[in-house]
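Colleague: I would like to learn how to read a model like this one feature by feature, with the general idea given before the particular case. Could we go through it together?

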Amino acid sequence: MSTQLTAGGRRRLNSAGRYAAIAALGLVMAAPLIYLVSASLMSAADVRAYPPHLVPPNVVWHNYVEAYHFLSARVIVNSFVFSIGIVAVQLAVSLPAGFALAKIPFRWTAAVLGVLVVPMFVPGNMTLIPLFIVTHQLGLVGTYAGMILPIAGQTAFATLLFRQSFTSLPAGLIEAARMDGASWLRVLASIAVPLAKPALAAYCSISFLTAWNTYIWPQVVAPDPAHQVMTVALAPLASGKYSLVSPSVGLAAAVISLAPVLAIFLLFQKWYIKGIVGTGVD
């Protein structure tokens, strides 16, 4: 009995140690975000104080009002249009393509997969100038289409991700649906997509985050205020261009920019984890 209790106590001690290590690591990773939120509620003098304050001596909610006016509603709307537009176009292209490569047999499947892999190894900076030239020749510079379509066209990763997810679907389901007279499009919409929710949610959250944080392309193709996104609007604060703006207001603007991404992750967290693990079927 004593040996059993000792073994049980050792297991509990090991478990407690693991949880303590995980909690400490999580706290270290979250510390910059916690301080960001805390400093966004301080006055400019409190932010510059030394030693720094970890908790606001006096909470200044007006920082968020000034940050909202600095960013403007137009910038926030532009950011959502840009990010959601990229995710929507990429899904419209990559979902059918991934399903076709996984479940519709044709002769050149291996060749198509090889072609899709190549762009993933090309640095984005190498294609920036050619992409801008093509966009300019099409008359899309300074438009939402010019901002969205060139980035949304980069669907190689999404196509391969969905192809891998659809490959794991039971072949019997697809064959039964086809025998019942369902078209390939109906099979995709009614069977494949509902069973691929983990991969779909994982990709949507990753793609939205990537689009939301994109800076170079929106700055190059549409720097005008009418199409400005948050990353472009916030960049001058980091360079000190707007020296009259309080640092606490800049931090509050950063929190506003962070909030949608955090909300998307929390909303899709369950499916995101399943998708990363690689499960394609509930």
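Modeller: What follows is a walk through domains, helices, a pocket and some single residues, and throughout please keep in mind that this is a predicted model.

Colleague: Let us begin with the broad layout: into which domains is the protein divided?

Modeller: The assignment gives domain 1, residues 6-48, and domain 2, which is made of residues 72-231 together with 261-278. As for their placement, the C-alpha centres of domain 1 and domain 2 lie 34 Å apart.

Colleague: Turning to a single helix, what should α10 span, and how far apart are its end C-alpha atoms?

Modeller: The idea is to take a rise of 1.5 Å a residue and compare the expected span with the model; for the twelve residues of α10, 184-195, the expected value is 16 Å, and the end C-alpha atoms are 15 Å apart, which agrees.

Colleague: Which residues of α10 are buried, and why do they line one face of the helix?

Modeller: Buried here means under 20% relative accessible area, and in α10 that description fits V187, L188, I191 and A192. Looking down the axis of α10, one finds these buried residues within an arc of 130°, and therefore they line one face of the helix. L185, R186 and A189, by contrast, are exposed on the other side of α10.

Colleague: What do the buried residues of α10 pack against?

Modeller: Their packing partners are α4 (73-103), α8 (156-167) and α9 (171-179).

Colleague: How does the same reading go for α7, and which of its residues are buried?

Modeller: In α7, residues 144-152, the buried residues are G146, M147, I148, P150, I151 and A152. The cover over these buried residues includes α4, α6 and α12.

Colleague: Which residues lie nearest the centre of the largest pocket, and how many line it?

Modeller: One reads a pocket by its volume and then by its lining: the largest pocket holds about 770 Å³ of space, and of the 26 residues that line it, Q90, G124, I151, Q154 and T210 lie nearest its centre. At the level of helices, α4, α6 (124-137), α8, α11 (197-213) and α12 (216-221) each supply at least two residues of that lining. I151, one of the residues nearest the pocket centre, is also among the buried residues of α7.

Colleague: Could we look at backbone geometry next, and what is to be noted about the phi of S72?

Modeller: Most residues other than glycine have a negative phi. S72 has a positive phi of about 80° although it is not a glycine. This residue sits in the loop between α3 (62-71) and α4, and because its relative accessibility is 25%, S72 counts as partly exposed.

Colleague: Where is T135, and is it buried or exposed?

Modeller: T135 belongs to helix α6, and with a relative accessible area of 3% it is buried. Once neighbours within four places in sequence are left aside, T135 is in contact with L140, V141, G146, P150, W217 and V221; of these, G146 and P150 are themselves among the buried residues of α7.

Colleague: And what surrounds N63 in helix α3?

Modeller: N63, which is found in helix α3, counts as buried because its relative accessibility is 5%. Not counting residues up to four places away in sequence, N63 touches S40, L41, M42, S248, V249 and A252. N63 and S43 are 20 residues apart in sequence, with their C-alpha atoms 8.1 Å apart in space.

Colleague: How far apart in space are F70 and L234?

Modeller: Separation along the chain and separation in space are best read side by side. F70, in helix α3, is 164 residues from L234 in sequence, yet the two are 9.3 Å apart, C-alpha to C-alpha. At 26% relative accessibility, F70 counts as partly exposed.

Colleague: Where does H227 lie, and which residues does it touch?

Modeller: H227 lies in the loop between α12 and α13 (230-239), where it is buried, with a relative accessible area of 12%. Apart from residues up to four places away in sequence, H227 touches N78, G142, T143, Y144, M147 and A222, while its C-alpha atom is separated by 9.3 Å from that of V77, 150 residues away along the chain.

Conventions:
Residues numbered from 1 in each chain as written. Predicted model: local features only at pLDDT ≥ 70, side-chain atom pairs only at ≥ 80, totals over all residues. Heavy atoms only, no water. Helix = DSSP H or I, 4+ residues; strand = E, 2+ residues; numbered from the N terminus. Expected span 1.5 Å × (residues − 1). Buried < 20%, exposed > 50% of the residue type's maximum accessible area, 1.4 Å probe, protein only. Arc of directions from axis to C-beta. Contact = heavy atoms within 4.5 Å. Domains from an automatic or database assignment. 1 Å grid on protein atoms, 1.4 Å probe; cavity = no way out; pocket = protein on both sides within 12 Å on 5 of 7 lines; lining within 4 Å. Points joined across faces, edges and corners; volume = space filled by probe spheres on them.
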